Amino acid sequence: MIENILQKDSELLVYLNNLGSEQWDGFWLTITNQFTWTPLFVLVLFLVFKQFGWKKGVFTLLFIAVIVAFSDQFTNLVKNTTERIRPCNTESLKGYLREFTYKPRGYSFWSGHASLSTTITMFMILLLKKHYKAIYFMVLFPLIFGYSRIYLGVHFPVDVTSGYISGVIFGVLFYRVYIFLQSRIRFIQV
């Protein structure tokens, strides 16, 4: 059964990857770069500080740093445990995927880009939804970011989907921890 899932995963990757064209390659290479999203990060941090003030804003920023570190390390643990080779580095897929000079090393399962972007998005939506209804548009960030990984052939669809699922779970859990800590730390209570 797992072999069948992995085969279907490879077939879907080849199909989606081959929908791309040279005219769009530069766009997706830009999208996959975390620094491209800096204006979104700055906007969200601005909203946090505007809504909660400096003390709680700094606490939130530090908490986000913990989220990033945890997500990164947990993703590395999963990748080093599963050791799934990235599609762009898989011999059996050469000739079926579009070629890019961008070929990250390391393992494929699960997508750290999809996991971290979804974790942060979920956390921010839960944190800010009462104050800014437009925060729900932030869900486009992980969707587009994750798809860029498939487009470039550096992750299989299951890698990205698993990253999304883990991100939703982690986002909710971190939000609950944040609320718990906020209620216990006197100087940041509203």
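**Helix packing and aromatic pairs**

In this predicted model, the cover over the buried residues of helix α1 includes α5 (140-151) and α6 (157-184). Helix α1 itself takes in residues 2-17, 16 residues in total, and reaches 22 Å from its first C-alpha to its last, close to the 22 Å expected at 1.5 Å a residue. The residues of α1 that end up buried are Asp9, Ser10, Leu13, Val14, Leu16 and Asn17.

One of these is worth a closer look. Aspartate 9, found in helix α1, has a relative accessible area of 4%, so aspartate 9 counts as buried. Its side chain isn't left without a polar partner: there is a polar contact with the side chain of arginine 84, at 2.9 Å. Setting aside neighbours within four places in sequence, aspartate 9 is in contact with Arg84, Phe156, Pro157 and Val158. Two of those contacts, Arg84 and Phe156, turn up again as a pair of their own, with the charged end of arginine 84 sitting over the ring of phenylalanine 156, 3.8 Å from its centre. Another such arrangement involves lysine 56, whose charged end sits over the ring of phenylalanine 52, 4.1 Å from the ring centre.

As for the overall layout, the protein has 6 helices and 0 strands, so to speak an α-α-α-α-α-α run from the N terminus on. The C-alpha trace spans about 60 × 35 × 25 Å along its principal axes. Of the 190 residues, 46% are buried. Among contacts between residues at least 6 apart in sequence, 79% join residues at least 24 apart.

Rings come up a lot here, with 24 aromatic pairs found across the whole structure. Tryptophan 24 and phenylalanine 27 make an edge-to-face pair, 5.6 Å centre to centre with 85° between the planes. Both belong to helix α2 (residues 22-31), and because they are 3 residues apart there, about one helical turn separates them. An α-helix has 3.6 residues a turn, so residues three or four places apart point the same way. Tryptophan 24 is partly exposed, at 44% relative accessible area, and phenylalanine 27 is partly exposed too, at 38%.

The pair formed by tryptophan 37 and phenylalanine 141 is tilted, because the ring centres are 4.8 Å apart and the planes lie at 55°. This pair links distant parts of the chain: tryptophan 37 is in the loop between α2 and α3 (38-82), while phenylalanine 141 is in helix α5, 104 residues away. Tryptophan 37 and phenylalanine 141 are both buried. Ring pairs also build a cluster out of Phe59, Phe63, Phe70, Phe74, Phe109, Trp110, Phe123, Phe170, Phe174, Tyr175 and Tyr178.

Phe123, a member of that cluster, shows up in the largest nonpolar core as well. This core holds 25 residues, and those touching the most other members are Phe123, Met124, Leu127 and Leu128. At least two core residues come from each of α3, α4 (112-128) and α6, with α3 giving the largest share, 9 residues. In soluble globular proteins, nonpolar side chains tend to be buried together. Not counting residues up to four places away in sequence, methionine 124 touches Val44, Val48, Ile64, Lys129, Ile135 and Met138.

Notes: Residues are numbered from 1 along each chain as its sequence is written. This is a predicted model: local features need pLDDT of at least 70, side-chain atom pairs count only at pLDDT 80 or more; totals for chains, interfaces and linings use all residues. Side-chain values use heavy atoms; hydrogens and water are left out. Helices (H or I, at least four residues) and strands (E, at least two) are DSSP runs, numbered from the N terminus. The expected span of a helix is 1.5 Å times one less than its number of residues. Buried means under 20% relative accessible area, exposed over 50%, partly exposed in between (1.4 Å probe, protein chains only). Contact means heavy atoms within 4.5 Å. A polar contact is a pair of N or O atoms within 3.5 Å; within protein, one must be able to donate a hydrogen and the other to accept it, and residues adjacent in sequence count only if both atoms are side-chain atoms. Rings of Phe, Tyr and Trp (its six-membered ring) pair if their centres lie within 6.5 Å; planes under 30 degrees apart count as stacked, over 60 as edge-to-face and the rest as tilted. A charge sits over a ring if NZ of Lys or CZ of Arg is within 6 Å of the ring centre and within 35 degrees of the ring normal. A nonpolar core is a set of buried Ala, Val, Leu, Ile, Met, Phe, Trp, Tyr and Cys residues joined through side-chain atoms within 4.5 Å.
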